[in-house]
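Hello,

Please find the structure below, for your files. Notes on helix packing and internal space follow.

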Amino acid sequence: MLGTDVVRVAEQGGHEVVGLSHEDLDITNFGAVEHVMSAEHPEVLINCAAWTDVDGAESNLEEATKVNGHGARNLAAATAMFGCKIMLPSTDYVFDGEKGEPYVESDPVNPMSAYGKSKLAGEGETIANNPRHFIVRSSWLFGTSGKNFVDTMLNLGHSVDEVAVVKDQVGCPTYTGHLAEGLVRLMEWDDFGIFHMAGAGECSWYEFAVEIFEQAGVECQVLSQTTDMLDRPAPRPPYSVLVSERDPAVYLPDWRDGLAAFLAERAEAPA
């Protein structure tokens, strides 16, 4: 989902882009990574490959870490060999959500889920293996090239009269089209380190669902429920809003504007 938008935005910006799928490159295979680096000699590598099944990672921590941790290490080590910058999109799930106010880059991490732990491992491996790194934490991604919460709500809204959505998790919904623009802008900098980059503002999943139906013109009642009522395998941070303390920083549009852009793109997509 994110990788598709990064390729599109970078190409529109005049960059020469090599977009590789999992079938093209297994990032857990260092030899394969080194071969691609040797053949392409990129100036920047953006690592959009990831294990993203949050609940599935709870019973597959080793596999999730193989991709999110060891794969990130392979890419960071190979890019360092060739003098290449590396960028790793990461997640708000590296935080436990107990701070009670927005998280900045210097806040201590404490992931509660296996997914969060695997992504934090990837952050550490990237930092340790290539000093020319960008770690970009974002949250609640939605875009037109992959499964996402907005599509789920709209599909339900067209088939049922009401949906129940959790109200005790608060974060920053982020449109991948906007995030891709931010990543492509950031990759040209030489100010390396950790960056927070998410849709501006904050909301709960419940508030997000209400806004989705409002903007889409779908009549569907949204009922609130608690996280405990869902009984999902992976714990989620209750408050994981991301802001940046960096100067300069890359700021994204408000999450509501991201939703509007997503719906417009979705409407233009071929059936």
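**Helix packing and voids**

The crossing of helices H1 and H6 is right-handed. Please keep in mind throughout that this is a predicted model.

H1 covers residues 2-12 and H6 covers residues 176-186; their axes come within 8 Å and cross at roughly 55°. An angle of that value falls outside the 65 to 115 degree range for roughly perpendicular, so H1 and H6 are oblique to each other. On the H1 side, the residues in contact are Leu2, Asp5, Val6, Arg8, Val9 and Ala10. They meet Thr176, Gly177, Leu179, Ala180, Glu181, Leu183 and Val184 of H6. By class, this contact has 8 nonpolar, 2 polar and 3 charged residues.

The other helix pair to report is H5 (residues 149-157) with H9, whose axes come within 11 Å and cross at roughly 65°. The range for roughly perpendicular is 65 to 115 degrees, and H5 and H9 are therefore described as roughly perpendicular to each other. Their crossing is right-handed. H5 contributes Val150, Asp151, Leu154 and Asn155, while H9 contributes Leu259, Phe262, Leu263 and Arg266. The classes here are 5 nonpolar, 1 polar and 2 charged.

Now the enclosed space. How many cavities of 30 Å³ or more does a search of the whole structure find? The search returns 1. The largest cavity has a volume of about 30 Å³. Its lining consists of Pro173, Thr174, Tyr175, His178, Gly199, Leu252, Pro253, Asp254, Trp255 and Gly258. Two elements give two or more residues to this lining: strand E7 (174-175) and helix H9 (255-268). H9 is also the helix that crosses H5. Sorted by class, the cavity lining holds 5 nonpolar, 4 polar and 1 charged residues.

As for open space, the second largest pocket has a volume of about 150 Å³. It is lined by 14 residues, and the closest to its centre are Ala198, Ala200, Leu242, Val243 and Tyr251. Which classes make up that lining? There are 10 nonpolar and 4 polar residues, and no charged ones. The lining of the largest cavity, by comparison, includes 1 charged residue.

For your own checks, the items to look up in the model are the H1 and H6 crossing at roughly 55°, the H5 and H9 crossing at roughly 65°, the cavity of about 30 Å³ and the pocket of about 150 Å³.

Regards

Key
Residues numbered from 1 in each chain as written. Predicted model: local features only at pLDDT ≥ 70, side-chain atom pairs only at ≥ 80, totals over all residues. Heavy atoms only, no water. 1 Å grid on protein atoms, 1.4 Å probe; cavity = no way out; pocket = protein on both sides within 12 Å on 5 of 7 lines; lining within 4 Å. Points joined across faces, edges and corners; volume = space filled by probe spheres on them. Nonpolar A, V, L, I, M, F, W, Y, C, P; charged D, E, K, R; others polar. Axes fitted to C-alpha atoms, helices over the stretch in contact; angles between N-to-C directions. Helix = DSSP H or I, 4+ residues; strand = E, 2+ residues; numbered from the N terminus. Parallel < 35°, antiparallel > 145°, perpendicular 65-115°, else oblique. Left-handed = near helix turned anticlockwise from the far one by under 90°. Contact = heavy atoms within 4.5 Å.
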